[in-house]
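Subject: Structure for you to look at

Hello,

Here is the structure I said I would pass on. Please open it beside this email and follow along; my notes come after it.

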Amino acid sequence: MKHVLIVCGDPSADRHGAALIDALKAKRPDIRISALGGSHMQQKADAFLYPLVGVGGFGFWEPLVKLPQLWKAMASIKTLFKDDRPDIVVPMDYYGFNIHVARRAHKAGIPVAYYISPQVWASRPKRIAELAAAVNKMLVIFPFEEDLYKKADVPVRFVGHPLIERLPAPGSESFAPTFGLLPGSRRGTVLRHLPLLVQTAEILRREFPDARCFLFRPEEIEEDVYIPFLEHVPWIKLTTDPDYGTRKALWLAIGVSGTAALENMLLGIPMIIMYKLSRMTYWIANALIRVPYVGIPNLLANRAIVPELIQDDATPEALAQAAATFLSTSKRRAEMRQTLLSLRSTLADGGSARAAEEILGMIA
């Protein structure tokens, strides 16, 4: 019976990891899966070693604070390698932790298939060489990543983006003007952006009094995190929207870059991308970033199709002004929607199944 270890530390990757487990078991029902991740992978894995998604550890400073938890997670992997050696290790994104997992597996002679590349194309390209020394193959989800690794002589396959598998088909915008707020998928990110987005919504409410507003909450974050910010704005409706029924009918989404922006792109939802960091973190990040955009839609299109308001540009007034141009002009919304949906075909469907094929092929 083959044994696979999958390691992820991000909420979005946790869902993709669960889909990968389903794909592996569909092809090999007898396969055994051990995992570190979140609640979605915990439901699917045969052995769940540690709730790594709950630890976080993103950015430049947070990993230092989370060292005890990260050490405990790594200890569970060391024990597994000793007592129940896996046939292959599959790290998913989460570079700061997973590069150490990959190196430890490589040193132990265990094949490594790194599924979902860290964003080495955005900053710190030297990490490609570090990955090359620790992995047997990269399984990437964006087409431009395949070219990047090929140029560095790293074995790679573009498998397609697993997000397409769980999203519904794009819908039509609602009859009444409706906009959505997406402050992020991690607690810290939500707390940083939510006050700003609520203030933006209040400005828009004055200009568009009949507009409806929805605030989207990931299932992993408790409702209590949001309630204090909404007591004076009962017209902002909090929703988890698990089937994306509310989201795909939006006239406009205002939210952070990352998975939320990619979801909006795949659903054809016009959007404004925003993001704020602490002053020191932004200063460091700005010195490292090597791409002209932060949003995946703009990176895929290689041009600015979605407005990006980052750091000092992300004020309630500026966000509301940008949003108003879309809420008041159906032509602009239609143009962006058409452009976003044209990018959907660049991300091939069936990513989980192709990733599973590659992983099983490496341990056949």
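Please start at Q311, which is buried, with a relative accessibility of 4%. The residue sits in the loop between β13 (308-310) and α14 (316-327). Its phi is near 55°, a positive value in a residue that is not glycine. Most residues other than glycine have a negative phi. Before going further, keep in mind that this is a predicted model.

A second residue with a positive phi is D153, where the angle is near 60°, again in a residue other than glycine. D153 belongs to the loop between α7 and β7 (156-158). Is D153 buried or exposed? The relative accessibility of D153 is 70%, and exposed means over 50%, so D153 counts as exposed. Q311, by contrast, counts as buried at 4%.

Salt bridges

How many salt bridges does the structure hold? The number is 16. I will go through three pairs and one network.

The pair to look at before the others is D10 with R186, where the closest N and O atoms are 2.9 Å apart. D10 lies in the loop between β1 (3-8) and α1 (11-27), while R186 lies in the loop between β8 (178-182) and α9 (187-207), so this salt bridge ties together parts that are 176 residues apart in sequence. The two partners fall into separate classes of accessibility: D10 is buried at 10%, and R186 is partly exposed at 26%. The cut-off that matters here is 20%, under which a residue counts as buried.

Next comes the salt bridge between K150 and E146, at 4.0 Å from N to O. Both residues belong to helix α7 (residues 143-151), and they are 4 residues apart, about one turn of the helix. K150 is partly exposed, with a relative accessible area of 48%. E146 has 18% and counts as buried.

E263 and R166 also meet in a salt bridge, with 4.0 Å between N and O. This pair links distant parts of the chain, as E263 is in helix α11 (residues 259-267) and R166 is in helix α8 (residues 163-166), 97 residues apart. E263 is buried at 7% relative accessibility, and R166 is partly exposed at 29%.

Finally, R15, E219 and E220 are joined in a network of salt bridges.

Cysteines

The structure holds 0 disulfides. Two cysteines to find in the viewer are C8 and C213. C8 is buried, at 0% relative accessibility. C213 is buried as well, with a relative accessible area of 1%.

A covered strand

Now turn to strand β4 (residues 88-92). How many of its 5 residues are buried? The count is 5 of 5, and the strand is described as mostly covered. Both faces of β4 are covered: I88, V90 and M92 are buried on one side, and V89 and P91 are buried on the other.

β4 runs parallel to β1, and 5 bridges join the two strands. One pairing to look for is L5, whose bridge partner in β4 is V89.

The cavity

Rolling a probe the size of a water molecule over the atoms shows where empty space is left. A search of the whole structure finds 1 cavity of 30 Å³ or more. The volume of the largest cavity is about 30 Å³.

Which residues line the largest cavity? They are G255, V256, A260, A261, N264, M271, I272 and I273. The elements that give two or more residues to this lining are β11 (252-256), α11 and β12 (271-275). By type, the lining residues divide into 6 nonpolar and 2 polar, with no charged residue. Helix α11 has come up before, as the helix that holds E263 of the salt bridge with R166.

If you want an order for your own viewing, take Q311 and D153, then the salt bridges, the cysteines, strand β4 and the cavity.

Regards

Conventions:
Residues numbered from 1 in each chain as written. Predicted model: local features only at pLDDT ≥ 70, side-chain atom pairs only at ≥ 80, totals over all residues. Heavy atoms only, no water. Salt bridge = Lys/Arg side-chain N within 4 Å of Asp/Glu carboxyl O. Buried < 20%, exposed > 50% of the residue type's maximum accessible area, 1.4 Å probe, protein only. 1 Å grid on protein atoms, 1.4 Å probe; cavity = no way out; pocket = protein on both sides within 12 Å on 5 of 7 lines; lining within 4 Å. Points joined across faces, edges and corners; volume = space filled by probe spheres on them. Nonpolar A, V, L, I, M, F, W, Y, C, P; charged D, E, K, R; others polar. Disulfide = S-S within 2.5 Å. Pairing = 2+ DSSP bridges.
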